[in-house]
Every structure is written in C-alpha cells, then in structure tokens.
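Here are some notes on the model you sent, set out as numbered points. They take up a few local features one at a time, in an order meant for reading beside the structure.

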Amino acid sequence: MGSIQPRRLMTASGRPIVVRTASPEDAERVVAFVKAVAAEAPYLLTTEAEVVTTSERQRQWLQQMADDPGKLALLAEHDGEMIGFLDFHNGNKRRTKHQGSFGMSVKNGFRGQGIGTALLAALLDWAKENPLIEKVCLEVVADNTNAIRLYQKFGFVEEGVKKKAAKIDDGTYWDLILMARFVK
C-alpha cells in the first residue's frame with residue numbers, strides 16, 4: 001500500500017504542519033489546492049485551465065494511489081489547510097516498476113518554509129523501505145534554482161536536459177532538467 005505514518009513538523013517560521021498520505025476523503029481539498037496552485041505557481045507545467053478534474057474522479061484516483069504499492073500521494077497541511085502535495089508513480093511495466101517519478105507543489109505563502117523538504121524526505125523514506133522502488137526521478141524547469149538546490153541537497157543528480165520541453169504563454173521555452181536518485 002502507498003502510505004506513510006503521519007509526521008508532525010514545524011515550518012522554518014515555527015508554524016506546525018502535518019505530512020501524511022492523501023486519502024480519497026481528501027479529494028475535494030486536493031482539487032481546490034491544485035486549482036489554486038496552478039493559478040499562481042511560476043514553474044508548474046499544468047495551467048489553471050487544464051485542471052478540469054472533478055472531486056469524484058480525484059477520489060477514485062486517490063483510491064488507486066492508495067491501493068497500488070508502487071504509488072504514493074502525500075499532502076502537507078497547516079491548521080487543516082492543505083499547503084503542499086506530492087505524488088509518485090512507478091513504472092507500469094515489469095521492466096520499469098523499479099523506478100518512478102514525482103511531482104510536487106507548495107502553496108504560495110508557504111514556499112521556502114521547509115514544506116518541500118518535508119514532503120521529499122517522506123517520499124524518500126517510503127521509497128527506501130518499499131521493496132519495489134530503487135530509483136526516484138523528476139523533471140524540473142531549468143530556471144527553478146530553489147527546487148534544484150532542494151533536490152541536490154537530497155542527493156539527486158542531473159541525468160539530462162530536455163531542450164525547449166515546455167512552451168509558455170509568451171512564446172518562450174523552458175528546458176527541463178532530468179534528475180534522479182537511487183535509493184537502493
């Protein structure tokens with residue numbers, strides 16, 4: 001099962017947070033969070049208009065994540081408010097089940113407070129204990145230096161660059177850096 005024990009932590013500014021597995025009951029909150037973050041996050045590849053999921057579809061997706069031993073959905077919350085989300089998916093073929101990739105986002109106003117660090121630490125602890133997972137991968141916008149620093153702090157290394165992989169609204173492009181870390 002894709003789950004962790006809840007973790008109680010403090011942000012850099014001393015606010016209490018909880019990092020825990022997202023459950024199907026969180027579906028409505030997850031949809032609202034994803035829509036809010038898509039509207040304001042500078043380096044997200046998904047635009048606000050592309051967030052079209054319903055609470056029911058999100059509930060089904062979160063149940064599938066919980067039921068699959070190679071997948072994990074985590075959320076961070078402060079005083080009941082959802083402030084961060086991470087989802088990890090391993091490969092769906094026999095030869096790629098040992099590795100997977102994640103996406104992570106943190107709500108504006110909570111960035112730079114250790115939320116990403118807490119989510120990533122929980123993912124890596126889970127991956128190390130998971131007999132299926134040997135390698136954790138990600139893609140990050142090349143200009144997102146804060147995220148790259150965070151990933152490097154956790155031992156991720158660059159494996160390649162996808163040139164002009166994302167085209168943003170003003171017609172300019174973003175390169176995506178491929179990073180990975182072996183947990184076994």
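1. I begin with S55, and please bear in mind throughout that the model is predicted. Leaving aside its neighbours within four places in sequence, S55 makes contacts with A27, E28 and V31. S55 itself belongs to helix α2, which covers residues 55–67, and with a relative accessible area of 30% it is partly exposed, because that value falls between the 20% limit for buried and the 50% limit for exposed.

2. The contacts of S55 form part of a helix pairing, in which α1 and α2 pack at an angle of about 110° with their axes 8 Å apart. That angle makes α1 roughly perpendicular to α2. On the α1 side the residues that meet the partner helix are A27, E28, V30 and V31, and on the α2 side they are S55, Q58, R59 and L62. By residue type, this contact of α1 with α2 divides into four nonpolar, two polar and two charged.

3. Just ahead of these helix contacts in my reading comes D26, which is placed in the loop between β2 (16–21) and α1 (27–40). Is D26 buried or exposed? D26 has a relative accessibility of 5% and therefore counts as buried, the limit being under 20%. Not counting residues up to four places away in sequence, D26 touches R20, T21, L62 and L75, and L62 also appears among the α2 residues that meet α1. The side chain of D26 reaches the backbone nitrogen of S23 at 2.8 Å. Between D26 and S55 the C-alpha to C-alpha distance is 9.0 Å, while the two residues are 29 apart in sequence.

4. E25 is likewise found in the loop between β2 and α1. With a relative accessible area of 67%, E25 is exposed, whereas D26 counts as buried. The side chain of E25 is joined to the side chain of S23 by a polar contact of 3.0 Å, so that S23 deserves a look from both sides, given that the side chain of D26 reaches the backbone nitrogen of S23. E25 and S55 are 30 residues apart in sequence, and their C-alpha atoms are 9.6 Å apart in space.

5. A second helix pairing is that of α3 (residues 115–129) with α4 (residues 145–153), which pack at an angle of about 40° with their axes 11 Å apart. This makes α3 oblique to α4, and α3 passes α4 in a right-handed crossing. The contact is made by G116, T117 and L120 from α3, together with L150, Y151 and K153 from α4. These residues divide into three nonpolar, two polar and one charged.

6. The last point concerns backbone angles. Most residues other than glycine have a negative phi. Which value does phi take at D79? Phi of D79 is near 50°, a positive value in a residue other than glycine. D79 is placed in the loop between β3 (71–78) and β4 (81–90), and it is exposed, with a relative accessible area of 69%. K164 also has a positive phi, of about 45°, although it is not a glycine. K164 is found in strand β7, residues 157–167, and at 57% relative accessibility it counts as exposed.

Definitions and conventions:
Residues are numbered from 1 along each chain as its sequence is written. This is a predicted model: local features need pLDDT of at least 70, side-chain atom pairs count only at pLDDT 80 or more; totals for chains, interfaces and linings use all residues. Side-chain values use heavy atoms; hydrogens and water are left out. Helices (H or I, at least four residues) and strands (E, at least two) are DSSP runs, numbered from the N terminus. Buried means under 20% relative accessible area, exposed over 50%, partly exposed in between (1.4 Å probe, protein chains only). A polar contact is a pair of N or O atoms within 3.5 Å; within protein, one must be able to donate a hydrogen and the other to accept it, and residues adjacent in sequence count only if both atoms are side-chain atoms. Contact means heavy atoms within 4.5 Å. Axes are lines fitted to C-alpha atoms, for helices over the stretch in contact, and angles run from 0 to 180 degrees between N-to-C directions. Angles under 35 degrees count as roughly parallel, over 145 as roughly antiparallel, 65 to 115 as roughly perpendicular and the rest as oblique. A crossing is left-handed if the near helix is turned anticlockwise from the far one by less than a right angle, and right-handed if clockwise. Ala, Val, Leu, Ile, Met, Phe, Trp, Tyr, Cys and Pro count as nonpolar, Asp, Glu, Lys and Arg as charged, and the others, Gly among them, as polar.
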